[in-house]
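Please walk me through this structure in the viewer, one selection at a time. Tell me what to click next and what is there.

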Amino acid sequence: MKLTVVQHDINEWQALRPAADQVTLWWLGQAGFALRYGRRAFLIDPYLSDSLAKKYKGNIFAHERMMPVPVAPEALREIDWVFCTHRHTDHMDPATLRPLLRSSGCRFVLPCAVLAHVLGNIGLTADRTTCVNAGQPLMLDENIGLHPIPAAHETLTVNNKGEHYFLGYILQLGDIRIYHAGDCVPYDGLEKKLRDLKPDIALLPVNGRDEYRRSRHVPGNFHFEEAIALCHSTDIPYLIPHHYGMFEFNSIDPQDLQKKIDAALLPVNVVMPQLDRAYCFSKS
């Protein structure tokens, strides 16, 4: 696996022409990523508004952004697919998804467990929405596939149909597989699923968890050390940590994270994402 990092504004994403076998990623902040493979472009969990600051104004946990919106959703034209891992607004934001619905011909992929909510409250249309559940792979194109797996946002949660409310996605783009965990902590069976599906890159949320947040209805995610251990035990060569730097109450200090990376000889290649960088992966 080869990684090339270039300074590149996401607003100019269409100007970057990756090689045919190359996958290019941009971090959008929080758990959001833009990806490009060949002629296809994808978004995962984009939060490109300040809607949560308005929703929780005056709340004990202010949801004021600590980083700017890197790109307006209306500017992301020619997006093919938008993947949402669950219905929390920083992963499935109506103020982001509605402009995308209007400005591009994209289709939306989301958990079947939240389909009724999405169609009834967010305004997405059934003809442009595909729902998936864990263990139900989906081919999107000749060389593009999706493998949904469960995500445990501290717990695995399903409805009476056995549909998971929280999912992780392994996106197969040619020879490269990318695992986006959604919101997740380690759970029994996760390592086996990843060994079987063999992702090359893991996008893992590392804002951690604690009783203070949990007791106030803010479930957590991996600790950084758990993310490293998971990648090492499942032979995932690259880790891109995320889900920090957006909301003060639910973050870790990026400088502390960088110190942890610098202080140890880690068994995994850790890439600290920045908003103004394009991360180009290839196997050639």
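Start by selecting N250 and N207 and showing their side chains: a polar contact of 3.0 Å joins them. The model is a predicted one. N250 sits in the loop between β13 (238–242) and α7 (254–263). Is N250 buried or exposed? N250 is buried, because its relative accessible area is 9%, and the cut-off for buried is under 20%. Now show what surrounds N250. Setting aside residues up to four places away in sequence, N250 touches N207, R213, V218 and H243.

**Next stop: strand β13**

Select residues 238–242, which make up β13. How many of the residues of β13 are buried? Five of the five are, so β13 is largely enclosed by the rest of the structure. Turn the view until the side chains separate. Y238, I240 and H242 point one way from β13, while L239 and P241 point the other way.

Add the neighbouring strands. β12 (residues 201–205) runs parallel to β13, and five bridges join the two. Pick A202 and look across: A202 stands opposite L239 in β13. Then move to β14, which is also parallel to β13 and is joined to β13 by two bridges. Here Y238 stands opposite N269 in β14.

**Zoom in on H242**

Select H242, which lies in strand β13. Its relative accessibility is 0%, so H242 counts as buried. Follow the side chain of H242 to the backbone oxygen of L203, which it reaches at 3.2 Å. Now display the contacts of H242, leaving out neighbours within four places in sequence. They include W27, Q30, A31 and F33. H180 and G182 are also among them. So are L203, L204, P205, V206 and N207. N207 is the residue whose side chain meets that of N250 in the polar contact shown at the start.

**Zoom out to the sheet**

Show the strands as ribbons. Seven strands form an open sheet with mixed pairing, in the order β8-β9-β10-β11-β12-β13-β14. Which strands stand at the edges? β8 (138–141) and β14 (269–270) do; each has a single partner strand, so one side of each is left without a neighbour in the sheet.

Go to the β8 edge. β8 and β9 (residues 144–150) run antiparallel, joined by three bridges. Select M139: its bridge partner in β9 is G145.

**On to H86**

Select H86, in the loop between β5 and α2. H86 is buried, because its relative accessible area is 1% and the cut-off is under 20%. Show the side chains on either side. The side chain of H86 makes a polar contact with that of T85 at 2.9 Å. A further polar contact, at 3.4 Å, links the side chains of H86 and H88.

Now expand the selection. Beyond its neighbours within four places in sequence, H86 is in contact with H91, M92, P111, Y165, F166 and D183. Add G182 and draw a distance between C-alpha atoms. H86 and G182 are 96 residues apart along the chain, yet their C-alpha atoms are separated by 7.4 Å. G182 also appeared among the contacts of H242.

**Helix α2**

Select residues 94–103, which form helix α2. Its buried residues are T96, L97, P99, L100, L101 and S103. What do these buried residues pack against? They pack against β4 (40–44), β5 (81–83), β6 (107–111) and α3 (115–122).

**Aromatic rings**

Color Phe, Tyr and Trp. A search of the whole structure finds nine aromatic pairs. Zoom in on W81 and F83: their ring centres are 6.5 Å apart and their planes stand at 10°, so the pair is stacked. Both W81 and F83 are buried. Then select Y47, F61, Y212, F247 and F249, which form one aromatic cluster.

**Last stop: the largest pocket**

Show the surface. The largest pocket has a volume of about 610 Å³. How many residues line the largest pocket? The lining has 32 residues, and Y56, H63, H88, T89 and D90 lie nearest the centre. α1 (51–55) and α3 are the elements that give two or more residues to this lining. Finish by selecting H88, whose side chain makes the polar contact with H86 shown earlier.

Note on methods
Residues numbered from 1 in each chain as written. Predicted model: local features only at pLDDT ≥ 70, side-chain atom pairs only at ≥ 80, totals over all residues. Heavy atoms only, no water. Helix = DSSP H or I, 4+ residues; strand = E, 2+ residues; numbered from the N terminus. Buried < 20%, exposed > 50% of the residue type's maximum accessible area, 1.4 Å probe, protein only. Polar contact = N/O pair within 3.5 Å; in protein donor to acceptor, adjacent residues only side chain to side chain. Contact = heavy atoms within 4.5 Å. Phe/Tyr/Trp six-rings, centres within 6.5 Å; stacked < 30°, edge-to-face > 60°. Pairing = 2+ DSSP bridges. 1 Å grid on protein atoms, 1.4 Å probe; cavity = no way out; pocket = protein on both sides within 12 Å on 5 of 7 lines; lining within 4 Å. Points joined across faces, edges and corners; volume = space filled by probe spheres on them.
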